[in-house]
Amino acid sequence: MKVRVTVSLKNGVLDPQGRAIHHAIEGLGIHGVQDVRAGKLIELEVDNSVSDADLETMCKQLLANMVIENYRIERVASQETV
Amino acid sequence: MGVFRSAVITFPGSNCDRDLAVALEQVCGGEVLRVWHGDAALPDKVEFIALPGGFSYGDYLRSGAMAARSPIMQAVIEAATRGVPVLGVCNGFQVLTEAGLLPGALLRNAGMNFICREVALTVENSQSQFTAGYHAGQQITIPVAHHDGNFFADSETLDRLEGEGRVAFRYAEDVNGSARQIAGILNAAGNVLGMMPHPERMIEAAQGGSDGRALFESVIKGLVAS
């Protein structure tokens, strides 16, 4: 089974990368973008034996730094193109 | 006390480990042991542990994130808990926050640029075992070389760090966007110091200055006295 973990910066944490991307978007001549926040997408292929608790542990202890980041876990049906 | 023994931990991608070992040899003397990240235990009777700068594991995931989970770190955490002094410089500081030995996190520099230059620091706490050789308010010059040096913690944590005298060094001016211009912090017990600037690069005149020397002297003097 595929699992998709999205890691994003918490509100209030400065995201200079997002700001630079925002600036570059404006450079494309596209206006109306209010804000840009950059995060990470981590895809895992896991056995069915991997529990939700295991996934939480992975996220809390490694994939996200809970001081600055939030995470979201989604189990994705294998046939779906990730 | 027998021969003073210190240890420098090397992770894959560390690049200031030799500089740190030279500083320890020249200023603290004794035996400087080089320890590999994959080792499960520290050598016996290590009295001072130093985590070097560099780009451990290529900064994959987050700076210091992989290194913080490497086998040797369990032994470092255990030693730190026993009160062994632990110094983390630059990437070493990032590793210490990722390992939970120090609060907060080091974010990308606010200006996005890698910053490599000498900076002025103010010594905030001159009572710690790392800073006893300085006086409070002293201005010193130490180089920085980092991309992720922007110290972040929530305001409660920042208030606590300041209230407990755990801010060891502050940048004299805004360098990288760090909260309250914090450049280095101590743990609650005072035996773990993490700092972005590189004191090991300022131990003799040939390096352009020796303002970092007192940090290593403070540690060895403190240990000899105890």
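Strand β11 (residues 192–195) of chain B is covered on both of its faces. On one side lie Val192(B) and Gly194(B), on the other Leu193(B) and Met195(B), and all of these residues are buried. In a regular strand the side chains alternate between the two faces of the sheet. The model described here is predicted.

Two other strands of chain B pair with β11(B). Strand β4 (residues 86–89) runs parallel to β11(B), with four bridges between them; within this pairing, Val86(B) is placed opposite Val192(B). Strand β10 (residues 182–186) is antiparallel to β11(B) and is joined to it by three bridges. Here Gly184(B) has Met195(B) as its bridge partner. β10(B) and β11(B) make up a hairpin in which five residues separate the two strands. The turn contains Gly190(B), whose phi is positive, at about 85°.

Two further strand residues of chain B, Ile142(B) and Ala168(B), can be set side by side.

| Residue | Strand | Other C-beta atoms within 10 Å | C-alpha separation from a residue distant in sequence |
|---|---|---|---|
| Ile142(B) | β7 (residues 139–146) of chain B | 24 | 8.3 Å to Gly209(B), 67 residues apart along the chain |
| Ala168(B) | β9 (residues 167–171) of chain B | 26 | 9.9 Å to Leu121(B), 47 residues apart along the chain |

Ile142(B) counts as buried because 24 other C-beta atoms lie within 10 Å, the threshold being 20 or more. Ala168(B) is likewise buried, with 26 such atoms within 10 Å. Neighbours within four places in sequence being left aside, the contacts of Ala168(B) include Gly184(B), Ile185(B) and Leu186(B), as well as Leu193(B) and Met195(B). Leu193(B) and Met195(B) are the two residues on one side of β11(B), and Gly184(B) is the bridge partner of Met195(B). Ala168(B) also touches Glu124(B), Asn125(B), Ser128(B), Phe130(B) and Thr131(B). On the same basis, Ile142(B) is in contact with residues including Val119(B), Leu121(B), Pro197(B), His198(B) and Met202(B).

Chain B as a whole has six helices and 11 strands. Its C-alpha trace spans about 45 × 40 × 35 Å along the principal axes. A compact globule of 226 residues would have a radius of gyration near 17 Å, and the value of 16 Å for chain B agrees with this. Of the 226 residues, 53% count as buried. Among contacts in chain B with a separation of 6 or more, 75% are between residues 24 or more positions apart.

The largest nonpolar core contains 73 residues, of which Val8(B), Ile9(B) and Leu24(B) touch the most other members. Helix α1 (residues 17–28) of chain B supplies the largest share of this core, with six residues. Apart from residues up to four places away in sequence, Val8(B) touches several residues, among them Leu20(B), Ala21(B), Leu24(B), Val32(B) and Val35(B).

Chain A meets chain B in a contact that takes nine residues from chain A and 13 residues from chain B. On the chain A side, helix α1 (residues 16–27) gives the most, with three residues. The residues of that side comprise seven nonpolar, two polar and no charged. The 12 residues of α1(A), at 1.5 Å a residue, should span 16 Å, and the 16 Å between its end C-alpha atoms agrees with that figure. Just after α1(A) comes Gly29(A), with a positive phi of about 85°.

Conventions:
Residues numbered from 1 in each chain as written. Chains lettered and ligands numbered in written order. Predicted model: local features only at pLDDT ≥ 70, side-chain atom pairs only at ≥ 80, totals over all residues. Contact = placed C-beta atoms within 7 Å. Nonpolar A, V, L, I, M, F, W, Y, C, P; charged D, E, K, R; others polar. Rg over C-alpha atoms; globule rule 2.2 N^0.38 Å. Buried ≥ 20, exposed ≤ 12 C-beta atoms within 10 Å, placed from the backbone. Core = buried A, V, L, I, M, F, W, Y, C linked by C-beta atoms within 7 Å. Expected span 1.5 Å × (residues − 1). Pairing = 2+ DSSP bridges.
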